[in-house]
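This report describes the internal spaces, one helix contact and the confidence of a predicted model. The sequence and structure are shown below.

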Amino acid sequence: MAHNLDVSLLRAFVAVVDAGGMTAATGVLNLTQAAVSQQIKRLEETLGEDLIVRDRRGITLTTAGERLFGRAKRMLALNDEIWTEMTTPEFEGEVRLGIPSDIITTYLPTFLKDFARRYPRVQISLNSGSSASLRAKLYDGKVDVVLATEMACDPDGENLVMDRLVWVGARGGDAARQRPLPVSIGCSDCAFRAPIREALQKAGIEWRSVSEVTNTSAQVATVAADIAVMAWMASTVPSGFDVLGADSGLPALPPFMVNLYLPRDGGNHVVQELARHIREAVEDRHRMAA
């Protein structure tokens with residue numbers, strides 16, 4: 001004989017554990033404390049096991065509660081996935097995403113796979129370039145969503161994360177000690193260009209440009225060959241490179257932001273959904289890294 005679990009009871013259980021208590025979970029579940037307590041009791045009666053031990057310090061999971069917690073979270077995730085897929089209208093067409101090449105590898109995989117699965121009939125077209133050029137394309141109607149790396153966020157944008165700009169060199173390399181300093185720098189409208197130049201001038205460090213291209217692969221190659229250093233956002237530094245600290249003799253660089261920009265009218269439903277996936281993915285990535 002099949003037995004069916006009540007998903008709402010599992011949701012109450014997970015909320016109580018995640019929140020650290022019955023009272024804290026009331027806001028998450030939009031229920032009274034008595035109702036939350038009753039749901040936990042019903043779940044324990046259903047399973048024939050005590051799941052939570054309550055005392056003055058809060059709650060502690062029993063052995064049965066520990067066994068259930070991970071499985072309950074997976075079941076809720078599947079429940080929510082099925083609900084979303086079955087109730088979300090089918091959309092098709094194209095959404096054009098603008099994203100600078102230096103953050104593609106870090107951020108694109110975090111949201112693209114899930115979005116493509118949710119909207120299999122929507123084609124995503126990628127546009128890469130400097131943040132300034134991508135924002136110009138957005139205002140000209142040539143792209144629909146832009147992720148930009150900038151020192152500040154304009155009023156029509158949304159800041160997703162603040163990150164450090166750091167110097168990067170080949171592992172064990174000596175390019176940072178050369179003078180003039182060889183720097184692999186972006187094209188003329190690269191957002192990093194002005195702060196790099198200003199920081200080096202203030203530090204009295206003479207420098208020369210090794211490459212002035214938007215193509216990140218070319219910049220990375222010059223650093224990997226130890227013929228240049230470059231500036232990179234800390235969370236996006238490729239593996240196999242050294243982040244060069246104060247002992248390198250290079251000046252500190254200012255923080256940068258990853259900002260999200262949408263059309264002035266907010267865009268259609270698909271644009272809004274892609275923006276939501278981007279927000280959640282960036283937030284999750286930096287929360288796990290913290």
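Strand S9 gives the most to the lining of the largest cavity, with three residues. Helices (H or I, at least four residues) and strands (E, at least two) are DSSP runs, numbered from the N terminus. This cavity encloses about 250 Å³ of space, and the structure holds one cavity of 30 Å³ or more. Its lining comprises 23 residues, of which Asp102, Gly186, Cys190, Phe192 and Gln219 lie nearest the centre. Two or more lining residues come from each of H5, strand S7 (181–185), helix H7 (193–202), helix H8 (216–224) and strand S9 (230–233).

The model is predicted: local features need pLDDT of at least 70 and side-chain atom pairs count only at pLDDT 80 or more, while totals for chains, interfaces and linings use all residues. Residues are numbered from 1 along each chain as its sequence is written, and side-chain values use heavy atoms, with hydrogens and water left out.

The largest pocket holds about 320 Å³ of space. Ala77, Asp80, Glu81, Thr84, Asp114, Arg117, Arg118, Arg276, Glu280 and Asp284 form its lining. Helix H4 (63–87), helix H5 (101–118) and helix H9 (269–289) each give two or more residues to that lining, and the largest share, four residues, comes from H4.

On a 1 Å grid over the protein atoms alone, a cavity is a set of points where a 1.4 Å probe fits but cannot get out; a pocket is an open set with protein on both sides within 12 Å along at least five of seven lines, and lining residues have an atom within 4 Å of a point. Grid points are joined across faces, edges and corners, and a volume is the space filled by probe spheres set on the points.

The linings divide by class as follows (nonpolar: Ala, Val, Leu, Ile, Met, Phe, Trp, Tyr, Cys and Pro; charged: Asp, Glu, Lys and Arg; polar: the others, Gly among them).

| Lining | Nonpolar | Polar | Charged |
|---|---|---|---|
| Largest pocket | one residue | one residue | eight residues |
| Largest cavity | 11 residues | 10 residues | two residues |

Elsewhere, the axes of helix H1 (residues 7–19) and helix H3 (residues 33–47) come within 9 Å and cross at roughly 115 degrees. Axes are lines fitted to C-alpha atoms, for helices over the stretch in contact, with angles from 0 to 180 degrees between N-to-C directions. Ser8, Leu9, Leu10, Ala12, Phe13 and Val16 of H1 meet Val36, Gln39, Ile40, Arg42, Leu43 and Thr46 of H3, contact meaning heavy atoms within 4.5 Å.

The chain averages a pLDDT (the predictor's confidence in each residue, from 0 to 100) of 90, and 97% of the residues score at least 70.
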